[in-house]
Amino acid sequence: RQVVGFRISSPAAVFDVWGDRKTGLPARVEFTAAAVPDVKVTMSDFAFNVDMDESLFSMAESATGEKSC
C-alpha cells in the first residue's frame, strides 16, 4: 500500500506519522521525546472499528470496592 508521511516536531518531542493514502488512516507512528532521546516508540498494526465489550469502559466500582478507570 502507498503511505504518506509527515513530521510534527517541537522542543519536547518529534512524531513521524505515516498514513494510508487511500483511507487516511494511520499506518505507523514513531515518537521520540527530548527527555529520553535514545528511546523511540513505534506504533503500528492499528485496528479500527473493532467490536469491544462495553464492560471495558465501565466506571463502576468492582466487587472489591476498587474503581476502574
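# Charged pairs, ring pairs and two unusual residues

Asp-45 is exposed, at a relative accessible area of 72%. This model is predicted.

Q: Where is Asp-45 found?
A: Asp-45 has a high enough accessible area, 72%, to count as exposed, because the cut-off for exposed is over 50%. Its backbone has a positive phi of about 55°, although Asp-45 is not a glycine. Its place along the chain is the segment after strand S4 (40-44).

Q: Which residue in the segment after S4, not a glycine, has a positive phi of about 55° and a relative accessible area of 82%?
A: The place to look is the segment after S4. An area of 82% makes the residue exposed. The residue with this positive phi of about 55° is Asn-49.

Q: How many salt bridges does the structure hold?
A: Side chains of opposite charge can pair when their charged atoms come close. One pair here is Asp-16 with Arg-7. Another is Arg-28 with Glu-30. The total for the structure is 4.

Q: How many residues apart in sequence are the parts that Asp-20 and Arg-1 tie together?
A: Asp-20 and Arg-1 form a salt bridge, with their closest N and O atoms 3.6 Å apart. Asp-20 lies in strand S2 (residues 13-20), while Arg-1 lies in the segment before strand S1 (3-9). So the pair ties together parts whose separation in sequence is 19 residues.

Q: Is Asp-20 buried or exposed?
A: Its partner Arg-1 has a relative accessible area of 73%, so Arg-1 is exposed. Asp-20 has a value of 12%. The cut-off for buried is under 20%, so Asp-20 is buried.

Q: What is the N to O distance in the salt bridge of Asp-16 and Arg-7?
A: Asp-16 counts as buried, at 15% relative accessibility. Arg-7 counts as exposed, at 56%. Their side chains meet in a salt bridge, and the N to O distance is 2.6 Å.

Q: Which residue is linked with Arg-28 and Glu-30 in a network of salt bridges?
A: Start with Arg-28 and Glu-30, whose side chains meet at 2.8 Å, N to O. Arg-28 is partly exposed, at 34%, whereas Glu-30 counts as buried, at 14%. The network of salt bridges also takes in Lys-40.

Q: What kind of aromatic pair do Phe-15 and Phe-31 form?
A: The count of aromatic pairs comes to 2. In the pair of Phe-15 and Phe-31, the ring centres lie 4.7 Å apart and the planes are at 40°. Planes under 30 degrees apart would be stacked and planes over 60 edge-to-face, so this pair is tilted.

Q: In which strand does Phe-31 lie?
A: Phe-15 is partly exposed, at 30%. Phe-31 is partly exposed too, at 24%. Phe-15 lies in strand S2, so the pair ties together parts that are 16 residues apart in sequence, and Phe-31 lies in strand S3 (residues 26-33).

Q: How far apart are the ring centres of Phe-46 and Phe-48?
A: Phe-46 is partly exposed, with a relative accessible area of 33%. Phe-48 counts as partly exposed as well, at 38%. Their planes stand at 40°, so the pair is tilted, and the centres are apart by 6.3 Å.

Methods
Residues numbered from 1 in each chain as written. Predicted model: local features only at pLDDT ≥ 70, side-chain atom pairs only at ≥ 80, totals over all residues. Heavy atoms only, no water. Helix = DSSP H or I, 4+ residues; strand = E, 2+ residues; numbered from the N terminus. Buried < 20%, exposed > 50% of the residue type's maximum accessible area, 1.4 Å probe, protein only. Phe/Tyr/Trp six-rings, centres within 6.5 Å; stacked < 30°, edge-to-face > 60°.
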